[in-house]
Amino acid sequence: MSVIKHWLKKHYHDFATDEKCLQRLLDFIHKTLIPSKYSALGEQWFHIINTQAKNEENRTLVYCERMPDPIEPKSFHFEDFDALEIARQCCLIESELYRKIQPKECLNQNWTKKKEEAINIKVMQSK
């Protein structure tokens, strides 16, 4: 049983990305564990799931303590944009794509196999 507790605490993304799996676990908790002598365990798992779900919803990234001031272009012609500012904006866009990659997408070089196995890695590769 401690394996599932560890899985919930350390690898919640597996449940967050698979509604069917999460629902089956919740059904098991409510229909099997809580009505049995293992109700404390069921409540503990349910609490972990709620905590992890809230953490997923409230997850924010702090890029740095203070964002640098943008470098304003003199006009809106491409040649007038500062190279550093273009690089900053590209990094922000790429970081959003990179954050979407789930750990299971990196297993067994899934990006070289089925398309649906590593969608976010494939998106990064296409950029």
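Of the 127 residues in this protein, 18% count as buried. Keep in mind that you're looking at a predicted model. The average pLDDT is 84, and 90% of the residues score at least 70.

**The overall layout**

What is the secondary structure made of? It comes to six helices and zero strands. Reading from the N terminus, you go through α-α-α-α-α-α. The predictor's confidence varies from element to element: helix α3, residues 19–33, has the highest mean pLDDT at 93, while helix α6, residues 119–126, has the lowest at 82.

**A walk along helix α5**

Let's pick out helix α5, which covers residues 83–99. With 17 residues, α5 reaches 24 Å from its first C-alpha to its last. That's close to the 24 Å expected at 1.5 Å a residue.

Have a look at the start of α5, where D82 does something you can spot on screen. A side-chain oxygen of D82 comes to within 2.8 Å of the backbone nitrogen of L84.

A little further on you meet E85, which is in helix α5 too. Is E85 buried or exposed? E85 counts as buried because its relative accessibility is 10%, and the cut-off for buried is under 20%.

Which residue does E85 form a salt bridge with? The partner is R88, and the closest N and O atoms of the pair are 3.1 Å apart. E85 and R88 are three residues apart in helix α5, so about one helical turn separates them. R88 has 25% relative accessibility, so R88 counts as partly exposed. For the protein, the salt-bridge count comes to one.

E85 has another contact to show you: a polar contact of 2.8 Å joins its side chain to that of Q89. So if you put E85 in the middle of your view, look for R88 as its salt-bridge partner and for Q89 as its partner in a polar contact.

**The loop before α5**

Now step back to the loop between α4 (39–57) and α5, where you'll find F76. Why does F76 count as exposed? The reason is its relative accessibility of 75%, as exposed means over 50%. F76 also helps to make a nonpolar surface patch, together with F78 and F81. The area of this patch is about 400 Å².

P68 is in the loop between α4 and α5 as well. With a relative accessible area of 41%, P68 is partly exposed. Although P68 and E85 are 17 residues apart in sequence, their C-alpha atoms are 9.9 Å apart in space.

**Pairs to find on screen**

P68 and E85 make one pair you can check by clicking on two C-alpha atoms. Here it is again, along with some others.

| Pair | Apart in sequence | C-alpha to C-alpha |
|---|---|---|
| M124 and Y98 | 26 residues | 7.0 Å |
| I119 and I101 | 18 residues | 8.1 Å |
| P68 and E85 | 17 residues | 9.9 Å |
| Q44 and I34 | ten residues | 10.0 Å |

Let's go through some of the residues in these pairs. I119 is in helix α6, and its relative accessible area of 48% makes it partly exposed. M124 has its place in helix α6 too. At 22% relative accessibility, M124 counts as partly exposed. How far apart are the C-alpha atoms of M124 and Y98? They are separated by 7.0 Å, with their positions 26 residues apart along the chain.

Q44 takes you to another part of the model, as this residue is found in helix α4. Q44 counts as partly exposed, at 33% relative accessibility.

**Putting it together**

So what should you take away from this tour? You have a predicted model with six helices and zero strands. Helix α5 holds E85, a residue that is buried, with a relative accessible area of 10%. In the loop between α4 and α5 there is F76, which counts as exposed at 75% relative accessibility and shares a nonpolar surface patch with F78 and F81.

Technical notes: Residues numbered from 1 in each chain as written. Predicted model: local features only at pLDDT ≥ 70, side-chain atom pairs only at ≥ 80, totals over all residues. Heavy atoms only, no water. pLDDT = per-residue confidence, 0-100. Helix = DSSP H or I, 4+ residues; strand = E, 2+ residues; numbered from the N terminus. Expected span 1.5 Å × (residues − 1). Polar contact = N/O pair within 3.5 Å; in protein donor to acceptor, adjacent residues only side chain to side chain. Patch = residues over 30% accessible without salt bridge, like charges linked within 9 Å, V, L, I, M, F, W, Y side chains within 5 Å. Areas by Shrake-Rupley, 256 points an atom, 1.4 Å probe, with all protein chains shown as cover. Salt bridge = Lys/Arg side-chain N within 4 Å of Asp/Glu carboxyl O. Buried < 20%, exposed > 50% of the residue type's maximum accessible area, 1.4 Å probe, protein only.
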